[in-house]
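Here's a short set of exercises to work through with the structure open. Try each task before you read the solution.

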Amino acid sequence: CCGSTHPAIAMMLKLVKGEGLKPEDAQKVEILTHPNRLPHTDNPDPKGPLGAKFSIQYAVARALADGAVRLAHFEGDAHADPRVRKVMAVTTAGPHPEMPADARHQWGAEVIVTTTGGKTVSRRIENMVCRGPDDAMSSEEMFEKFEDCAGRSLAHDQIAPLYERLDTFECVNDMNQVSRLLQLRRLPGQRVAKPQLTSASDAAAGRRETQWVP
């Protein structure tokens, strides 16, 4: 989903893990972010998968509902999930009063949740552009993301061995080891569907539709 939603997603995930929040606990969710993050992501009612990718309300609500944001959450009718829509109904988004438009850091966010019991909890980050050495993923987070991506092409029992080989890539003596792990296994007699070819115009349209906007 759009990179401008990521700081707020990260803060909601910290609340879920740190406070044990569940979607039914939320009486009110307030997303405050840098004003430059909002023009293309302030979409409280996304109508389809592409709209969901550019909806900070949906992405943050999904993080609360599932404790994760995955590829499948932006496909098909996932944007209409009643559990997520219920959270979105009590979610607002707006510019953070302490993050001016001309600030040096422009990738901050604060998420404030008021629970049904009247408790208020929040998490804030001043700047989070992607993930790097200053904000590295844990081994568990990295594997979860890898598993979500690789599982769309490989059998489940191939994923962990491949991840281990890639994680220790500097120790690989024979690239055939990695190549074999990358090859989709199939049972005798099982047929694997051929990839669908698209025209140049279709491919160009696809690139325009999924182009990342900062």
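Accessible areas here come from the Shrake-Rupley method with a 1.4 Å probe. Keep in mind that the model is predicted.

**Exercise 1. The overall picture**

Work out how much area the protein exposes and what share of it carbon and sulfur atoms supply. Then get the fold in order.

Solution.
- Start with the surface: the protein exposes about 12,900 Å², and 53% of that is supplied by carbon and sulfur atoms.
- Now the inside: of the 214 residues in the protein, 34% are buried.
- Next, list the elements: there are 8 helices and 4 strands, and from the N terminus they run α-β-α-α-α-β-β-β-α-α-α-α.
- Last, check the contacts: among those with a separation of 6 or more, 66% are between residues 24 or more positions apart.

**Exercise 2. Ring hunting**

How many aromatic pairs does the structure hold? Classify the pair made by Y58 and F74, then the one made by F146 and Y163, and say which parts each one ties together.

Solution.
- The count is 3 aromatic pairs.
- Take Y58 and F74: their centres are 5.8 Å apart with 75° between the planes, and since planes over 60 degrees apart count as edge-to-face, that's the label.
- Place them: Y58 belongs to helix α3 (residues 56–66) and F74 to the loop between α3 and α4 (82–88), so this pair ties together parts 16 residues apart in sequence. Both Y58 and F74 are buried.
- Move on to F146 and Y163: here it's 5.3 Å centre to centre and 55° between the planes, which makes the pair tilted.
- Place these too: F146 is in helix α5 (residues 139–150) and Y163 in helix α6 (residues 156–167), so the pair ties together parts 17 residues apart in sequence.
- Check the cover on Y163: its relative accessible area is 16%, and buried means under 20%, so Y163 is buried.
- Finish by joining things up: ring pairs link F143, F146 and Y163 into a cluster.

**Exercise 3. A charge over a ring**

Which ring does the charged end of R37 sit over?

Solution.
- Go to R37 and look for the ring: it's that of W107, with the charged end 3.7 Å from the ring's centre.

**Exercise 4. A greasy spot**

Which residues make the nonpolar surface patch of about 270 Å², and is M175 buried, partly exposed or exposed?

Solution.
- The patch is made by L166, F169 and M175.
- Locate M175: it's in helix α7 (residues 175–182).
- Compare with the cut-offs: M175 has 44% relative accessibility, between 20% and 50%, so M175 counts as partly exposed.

Definitions and conventions:
Residues numbered from 1 in each chain as written. Predicted model: local features only at pLDDT ≥ 70, side-chain atom pairs only at ≥ 80, totals over all residues. Heavy atoms only, no water. Patch = residues over 30% accessible without salt bridge, like charges linked within 9 Å, V, L, I, M, F, W, Y side chains within 5 Å. Salt bridge = Lys/Arg side-chain N within 4 Å of Asp/Glu carboxyl O. Helix = DSSP H or I, 4+ residues; strand = E, 2+ residues; numbered from the N terminus. Buried < 20%, exposed > 50% of the residue type's maximum accessible area, 1.4 Å probe, protein only. Phe/Tyr/Trp six-rings, centres within 6.5 Å; stacked < 30°, edge-to-face > 60°. Lys NZ or Arg CZ within 6 Å of the ring centre and 35° of its normal. Contact = heavy atoms within 4.5 Å.
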